[in-house]
Amino acid sequence: MSIEGGHDAYSVAQDQFWGSVHSKLADLHEKYACERYNSAASLVDLPNTRVPRLNEVSNTLTRLTGFELTAAEAATSGRDFFCAFADGIFHASTGLRPADSPDYTSEPDLVHDLIGHAAILGDPLIAQLYRSFGKAASRTESDTEFTRIASLFWFTMETGLIIENGGVRAYGAAVLSSATEMRSFDNAEHRTFDVADILSQQINDKTCQSFYYVAESFEHIETEVRSCLDRF
Ligand SMILES: [Fe+2]
């Protein structure tokens with residue numbers, strides 16, 4: 001990747017890789033993503049034949065929900081990442097996952113951050129929840145409390161599932177940015193959404209999840225998550 005004219009420039013091979021991954025995930029979203037994700041993704045309307053530029057996606061998000069994307073730097077800590085949500089800022093990767101791992105990567109990349117996070121940040125309820133996570137993270141100096149906030153984010157905004165039209169659909173970014181995980185979440189353990197239980201769990205972000213928390217509705221998630229975050 002090089003910098004040209006103030007924009008990150010990607011190679012033809014990287015544009016093709018993005019197009020291929022985007023196309024595969026978009027097909028899977030029709031079956032596995034919740035309606036809220038699919039509606040927001042159609043508004044965010046990520047390019048499907050070339051690697052998107054952060055500034056163009058950011059401009060669209062700002063118009064939709066006030067969120068901005070900024071390039072994550074090596075020095076961006078987990079705490080910086082979360083606290084920035086309070087100001088409507090999402091630190092996004094600019095690198096792409098390895099070409100031989102199009103369907104799953106444990107490290108955040110442009111596919112994860114744009115197709116997983118940015119697309120659903122076009123939804124006002126979700127954007128507001130991200131802000132609430134940021135405000136809670138900003139209020140606490142305790143590492144223990146920060147770890148609990150990160151666990152709640154992980155089991156909702158990264159790996160959350162929801163019941164919709166009699167089936168189970170995904171709204172979490174880690175699931176929606178991985179073809180492997182979308183194809184496998186139905187066969188993993190599904191637990192009833194329970195914030196107290198979530199807060200006691202450790203995050204394992206190195207493999208597809210062995211269990212997920214399934215909520216009844218976004219109203220349920222919003223009520224439970226807000227009430228929990230307000231306590232930090
Ligand atoms: Fe993520």
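# Notebook: an iron site and its surroundings

**Entry 1, the iron ion.** I looked up the metal before anything else, and I found the iron ion coordinated by His-112 (NE2), His-117 (NE2), Glu-158 (OE) and Glu-158 (OE), at 2.0 to 2.8 Å. I note here that this is a predicted model. Next I asked myself what the geometry of the site is. The angles among the 4 donor atoms run from 51 to 136°, and the site is irregular. To count as tetrahedral, four donors need all angles between 85 and 135 degrees, so I can see why a range of 51 to 136° does not pass that test.

I then followed the donors of the iron ion along the chain and wrote down their spacing as H-x4-H-x40-E. His-112 sits in helix α5 (residues 110-118), while Glu-158 belongs to helix α7 (residues 143-158), so this pair ties together parts that are 46 residues apart in sequence. Are His-112 and Glu-158 buried or exposed? I checked, and both His-112 and Glu-158 are buried.

**Entry 2, helix α5.** Having met α5 at the iron, I went through the helix residue by residue. How many residues of α5 are buried? I got 9 of the 9, so α5 is largely enclosed by the rest of the structure. My list of buried residues reads Leu-110, Val-111, His-112, Asp-113, Leu-114, Ile-115, Gly-116, His-117 and Ala-118. Two of the iron's donor residues, His-112 and His-117, are in that list.

**Entry 3, α5 and a neighbour.** I looked at helix α3 (residues 54-65) beside α5: their axes come within 12 Å and cross at roughly 10°. Angles under 35 degrees count as roughly parallel, and that makes α3 roughly parallel to α5. Which residues make the contact? From α3 I noted Leu-54, Val-57 and Leu-61, and from α5 Leu-110, Leu-114 and Ala-118. Sorting the residues of this contact by type, I got 6 nonpolar, no polar and no charged.

**Entry 4, Trp-18.** I found Trp-18 in helix α1 (residues 12-32). Its relative accessibility is 0%, so Trp-18 counts as buried. What does Trp-18 touch, leaving out residues up to four places away in sequence? My notes list Pro-47, Asn-48, Arg-50, Val-51, Pro-52, Leu-96, Leu-110, Val-111, Leu-114 and Ile-115. Among them I recognise Leu-110 and Leu-114, which also take part in the contact of α5 with α3. For Val-51 I looked up the spacing too: Trp-18 and Val-51 are 33 residues apart along the chain, and their C-alpha atoms are separated by 5.8 Å.

**Entry 5, two positive phi angles.** Which residues did I find with a positive phi although they are not glycine? One of them is Asp-45, with a phi of about 50°. Asp-45 is in the loop between α2 (35-44) and α3. Its relative accessible area is 57%, so I wrote Asp-45 down as exposed.

Asn-165 also has a positive phi, of about 50°, and is not a glycine. I placed Asn-165 in the loop between β5 (161-164) and β6 (167-170). At 68% relative accessibility, Asn-165 counts as exposed.

**Entry 6, three partly exposed residues.** I started with Asp-80, in helix α4 (residues 78-83). With a relative accessible area of 39%, Asp-80 is partly exposed. Setting aside residues up to four places away in sequence, I see Asp-80 touching Ala-75 and His-91. How far apart are the C-alpha atoms of Asp-80 and Gly-134? They are separated by 9.2 Å, with the two positions 54 residues apart along the chain as the sequence separation.

I then turned to Asp-197, which lies in helix α10 (residues 195-199). Asp-197 has 28% relative accessibility, so it counts as partly exposed. Again not counting residues up to four places away in sequence, Asp-197 touches Arg-191 and Tyr-213. I also checked Asp-197 against Gly-88: they are 109 residues apart in sequence and 28 Å apart in space, C-alpha to C-alpha.

My last stop was Ser-227, in helix α11 (residues 218-229). At 36% relative accessibility, Ser-227 counts as partly exposed. Ser-227 and Val-195 are 32 residues apart along the chain, and I noted 9.8 Å between their C-alpha atoms.

Terms used: Residues are numbered from 1 along each chain as its sequence is written. This is a predicted model: local features need pLDDT of at least 70, side-chain atom pairs count only at pLDDT 80 or more; totals for chains, interfaces and linings use all residues. Side-chain values use heavy atoms; hydrogens and water are left out. Donors are N, O and S atoms within 2.8 Å of the metal (3.2 Å for Na, K and Ca); water is not among the atoms, so sites may look incomplete. Four donors count as tetrahedral if all angles lie between 85 and 135 degrees; four count as square planar and six as octahedral if opposite donors are over 155 degrees apart and all others between 65 and 115; anything else is irregular. Buried means under 20% relative accessible area, exposed over 50%, partly exposed in between (1.4 Å probe, protein chains only). Axes are lines fitted to C-alpha atoms, for helices over the stretch in contact, and angles run from 0 to 180 degrees between N-to-C directions. Angles under 35 degrees count as roughly parallel, over 145 as roughly antiparallel, 65 to 115 as roughly perpendicular and the rest as oblique. Contact means heavy atoms within 4.5 Å. Ala, Val, Leu, Ile, Met, Phe, Trp, Tyr, Cys and Pro count as nonpolar, Asp, Glu, Lys and Arg as charged, and the others, Gly among them, as polar.
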